[in-house]
Amino acid sequence: MIKQLGAVAENIEVLWHSPQVTQDNLEFGGKVGAWNAADASLKSFAHMAVAAQVGCSWCLDVGYFQAQNENLDLAKASQVPRWREAEVFTPLERDVLEYAEAMTNTPPTVTDEQYASLLERLGPAAMVELTAFIAYINLATRANVANGVTSQGFSDACEIPLAKRPETSGFVSTA
């Protein structure tokens with residue numbers, strides 16, 4: 001982890017109070033990270049959209065840092081927190097971002113039409129993976145926020161600044 005991030009992740013420090021939870025979380029997170037049916041940039045954008053909506057500054061920070069290290073489009077990644085206003089995303093990327101937010105709403109607001117549209121364009125394997133990935137990211141982001149984990153400044157090393165989420169994002173949450 002120090003080799004990848006340059007520091008011990010704060011969420012791991014918090015989780016270490018229960019070594020079994022930490023180990024299981026790292027193992028499952030590693031398996032989720034190895035899935036490859038869905039496009040990496042779509043999953044990265046979905047991760048950051050969930051993090052921005054939930055308010056997990058650590059996840060948004062590390063997600064953007066990882067996007068840079070995976071050679072993803074930083075101009076796009078930097079705009080995820082304000083994706084509705086940004087003009088850099090393709091229609092598919094916008095639909096994935098909207099889907100990620102719909103899955104994150106409490107209760108979820110995913111429509112049959114949303115799912116069917118993505119399924120048609122991504123295919124069954126990628127759609128199942130994307131859905132499971134977003135569900136896992138919801139678990140991770142919500143746990144980090146509840147545990148008080150905040151940004152460690154990983155994204156400060158990125159060339160393009162990470163955009164701030166607008167005050168009124170256009171999504172509706174019933175939380």
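K43 is buried, with a relative accessible area of 7%. That charged side chain makes a handy way into this structure, which is a predicted model. K43 sits in helix α4. Setting aside residues up to four places away in sequence, K43 touches W35, N36, A38, E129, L130 and F133.

**The fold in outline**

Let's zoom out for a moment. The chain has 9 helices and 0 strands, so going from the N terminus you simply read α-α-α-α-α-α-α-α-α. Of its 175 residues, 42% count as buried. Take the contacts with a sequence separation of 6 or more: 71% of them are between residues 24 or more positions apart.

**Where α4 meets α9**

Back to K43 and its helix. How do α4 and α9 sit relative to each other, in terms of axis approach and crossing angle? The axes of α4 (residues 40-54) and α9 (residues 124-146) come within 9 Å and cross at roughly 35°. The crossing of α4 past α9 is right-handed. On the α4 side, the contact is made by K43, A46, H47, V50, A51 and V54. On the α9 side, the residues are E129, L130, F133, I134, I137, N138, T141, R142 and V145. By class, the residues of this contact split into 9 nonpolar, 3 polar and 3 charged.

F133 is a good residue to look at from the other side. It lies in helix α9 and is buried, with a relative accessible area of 10%. Leaving out its neighbours within four places in sequence, F133 is in contact with V32, W35, K43 and H47. So K43 and F133 count as buried because their relative accessible areas, 7% for K43 and 10% for F133, fall under the 20% cut-off.

Just ahead of α4, D39 is in the loop between α3 and α4. Is D39 buried or exposed, or something in between? D39 is partly exposed, with a relative accessible area of 40%.

Here are some C-alpha pairs that are far apart along the chain, handy if you want to click through them in the viewer.

| C-alpha pair | Separation along the chain | C-alpha distance |
|---|---|---|
| D39 and L130 | 91 residues | 8.8 Å |
| F133 and S44 | 89 residues | 9.9 Å |
| Q79 and A49 | 30 residues | 9.9 Å |

One of these residues, Q79, lies in the loop between α6 and α7. Although Q79 is in a loop, it counts as buried at 17% relative accessibility.

**T104, a link to α7**

T104 is in helix α7 and counts as buried at 3% relative accessibility. Which residues does T104 touch, not counting those up to four places away in sequence? The list is V50, Q53, V54, N138 and R142. Among them, V50, V54, N138 and R142 also take part in the contact between α4 and α9.

**The largest pocket**

Rolling a probe the size of a water molecule over the atoms shows where empty space is left. Here the largest pocket has a volume of about 920 Å³. It is lined by 40 residues, with G29, H47, Q66, Y136 and I137 lying nearest its centre. Two of those names should ring a bell: H47 and I137 are also part of the contact of α4 with α9.

Which helices each supply at least two residues of the lining? They are α1 (2-5), α2 (10-15), α3 (19-34), α4, α5 (57-69) and α9. The lining divides into 25 nonpolar, 13 polar and 2 charged residues. If you plan to probe the pocket's chemistry, that split is the one to keep in mind.

**Two backbone oddities**

Most residues other than glycine have a negative phi, and most peptide bonds are trans. Two spots in this model go the other way.

The peptide bond from T106 to P107 is cis, with omega near -5°. P107 is in the loop between α7 (91-104) and α8 (112-122).

N71 has a positive phi of about 55°, even though it is not a glycine. N71 is found in the loop between α5 and α6 (74-77). It is exposed, with a relative accessible area of 72%, which means N71 clears the cut-off of over 50% for that label.

Terms used. Residues are numbered from 1 along each chain as its sequence is written. This is a predicted model: local features need pLDDT of at least 70, side-chain atom pairs count only at pLDDT 80 or more; totals for chains, interfaces and linings use all residues. Side-chain values use heavy atoms; hydrogens and water are left out. Axes are lines fitted to C-alpha atoms, for helices over the stretch in contact, and angles run from 0 to 180 degrees between N-to-C directions. Helices (H or I, at least four residues) and strands (E, at least two) are DSSP runs, numbered from the N terminus. A crossing is left-handed if the near helix is turned anticlockwise from the far one by less than a right angle, and right-handed if clockwise. Contact means heavy atoms within 4.5 Å. Ala, Val, Leu, Ile, Met, Phe, Trp, Tyr, Cys and Pro count as nonpolar, Asp, Glu, Lys and Arg as charged, and the others, Gly among them, as polar. On a 1 Å grid over the protein atoms alone, a cavity is a set of points where a 1.4 Å probe fits but cannot get out, and a pocket is an open set with protein on both sides within 12 Å along at least five of seven lines; lining residues have an atom within 4 Å of a point. Grid points are joined across faces, edges and corners, and a volume is the space filled by probe spheres set on the points. Buried means under 20% relative accessible area, exposed over 50%, partly exposed in between (1.4 Å probe, protein chains only).
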